[in-house]
Amino acid sequence: MELVDRLLSGDRRAAAQLVTLMEDGGPIARKAIAELYPHTGHAHVVGVTGSPGTGKSTLVYELAKQFRSRGKTVGIIAVDPTSPFSGGALLGDRIRMQQLSTDEGTFIRSMASRGQLGGLARATGDAIKVLDAFGRDTIMVETVGAGQSEVEIVRAAHTVIVVDAPGLGDDIQAIKAGLFEIADIFVVNKADRDGAERTFFTLQMMLDMGQGSGLPDWRPPIIKTIALQGEGAALVAEAVEEHLAYLKESGDLHIRSRRLAKEELRRILGQELFNRLLVEIRAEQWELLTKEVAERELDPYTAADSLLATFFQRIAGDEAGGGGAEA
Ligand SMILES: Nc1nc2c(ncn2[C@@H]2O[C@H](COP(=O)(O)OP(=O)(O)OP(=O)(O)O)[C@@H](O)[C@H]2O)c(=O)[nH]1
Ligand SMILES: [Mg+2]
């Protein structure tokens, strides 16, 4: 594919076009993935998550500068599930992003869901592959840590930064939703504000209680920052590099990569099977069964069994009809 060739030769516009293609999905996107996939696997993927307004974008911007000054190329994917409705924060993002986007070594893109369930996780995963093949050394993915799809996205990162900040009400509340467990690095941003110390100690206490990331020899550091002034960003960048070194030395990078490949394969397989099922089952049967379940004539498990049975029959029929050797 010409577009993939251009990506591999370092063409930024090709990268942007391919990310758009990934958002839309479909057969051309798949063909592109098949071609660029052998060129992936080199980037360090860093997830940045946390409650709305904690300062994730500001921190990502400062981290990008840090990584650039360390000679690395950077890719940034801002995942914004509510994109069309966003207000002021995104405007701030845009201004910062514009400043960064004049740098050839930084590629920034925001992703929005096109509506399908699980579509955002899939599109983001594929966009990461595009930037990886594009040769970005460090790829940061910013997501608001709310909702299952977002946790799924950030779990696909090698290193997860959870950003907390004072003034969000209950600190424990602020980092619930399964985020605490997946953090490799904690950032307490807005350290210039009252309550930062308290946020820091709350996190420390939670870590002491052993609710950590589950890695045997890695205790997530807690780093205080004032992202707005770039303060502490260097420490966070160092921690990110240390975490990667730890992953490599401990062999955990390999284990994580395997786990992620398995999860991705399962997710795709589940989706594909379901899509094929939708093709094979007639609309009338769906409707009939749906009606029966709604009217309590049939329980949903039995209905699902019945759909599966039809599905397998049709598939077997297709194979026999398609000149298969089945007797
Ligand atoms: N006082 C203070 N304000 C900060 C700091 N960092 C960021 N902010 C401000 O906090 C607000 C939110 O910052 P963002 O970087 O947009 O936060 P975010 O987490 O990306 O927000 P969403 O993407 O909307 O969830 C902005 O008004 C920032 O200027 C900081 O260190 N101190
Ligand atoms: Mg943001």
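Me: How many bridges join strand S2 (residues 74-79) and S4, and in which sense do they pair, parallel or antiparallel?
Reply: In this predicted model, the residue standing opposite Val 79 in S4 is Thr 143. The pairing of S2 with S4 is parallel, and the number of bridges is six.

Me: Which strand pairs with S4 over seven bridges?
Reply: S4 covers residues 138-144. Val 45 has its bridge partner in S4, namely Ile 139. The strand joined to S4 by seven parallel bridges is S1.

Me: Is strand S4 largely enclosed or not, and how many of its residues are buried?
Reply: A residue counts as buried if 20 or more other C-beta atoms lie within 10 Å of its own. S4 has seven residues, and it is largely enclosed by the rest of the structure because the number buried is six.

Me: What is the order of the strands in the open sheet, and which are the edge strands?
Reply: Seven strands form the sheet, paired in parallel, in the order S3-S2-S4-S1-S5-S6-S7. An edge strand pairs on one side only, and this applies to S3 (106-111) and S7 (222-224). Neighbouring strands are turned against each other by 20 degrees on average, direction ignored. The order is therefore S3-S2-S4-S1-S5-S6-S7, and the edge strands are S3 and S7.

Me: Which residue of S5 is the bridge partner of Val 46?
Reply: Strand S1 (residues 44-50) runs parallel to strand S5 (residues 159-164), and five bridges join them. For Val 46, the partner in S5 is Thr 159.

Me: Which strands does helix H11 touch where it packs on the sheet?
Reply: H11 spans residues 233-250, and its direction makes about 170 degrees with that of S6 (185-188). The strands touched are S1, S5, S6 and S7.

Me: Why is H11 called roughly perpendicular to helix H12?
Reply: H11 and H12 (residues 252-280) pack with their axes 5 Å apart. The contact is made by Leu 247, Lys 248 and Ser 250 of H11 with Asp 252, Leu 253 and Arg 256 of H12. By class, these are two nonpolar, one polar and three charged residues. Angles of 65 to 115 degrees count as roughly perpendicular, and the angle between these helices is about 90 degrees.

Me: Which residues have the most contacts inside the largest nonpolar core?
Reply: The core has 66 residues, and its largest share, eight residues, comes from helix H6 (residues 119-133). Val 141 touches residues that include Val 45, Ile 77, Val 79 and Ile 128. The residues with the most contacts inside the core are Val 130, Val 141 and Val 236.

Conventions: Residues numbered from 1 in each chain as written. Chains lettered and ligands numbered in written order. Predicted model: local features only at pLDDT ≥ 70, side-chain atom pairs only at ≥ 80, totals over all residues. Pairing = 2+ DSSP bridges. Helix = DSSP H or I, 4+ residues; strand = E, 2+ residues; numbered from the N terminus. Axes fitted to C-alpha atoms, helices over the stretch in contact; angles between N-to-C directions. Contact = placed C-beta atoms within 7 Å. Core = buried A, V, L, I, M, F, W, Y, C linked by C-beta atoms within 7 Å. Buried ≥ 20, exposed ≤ 12 C-beta atoms within 10 Å, placed from the backbone. Nonpolar A, V, L, I, M, F, W, Y, C, P; charged D, E, K, R; others polar. Lists of a residue's contacts leave out its neighbours within four places in sequence.
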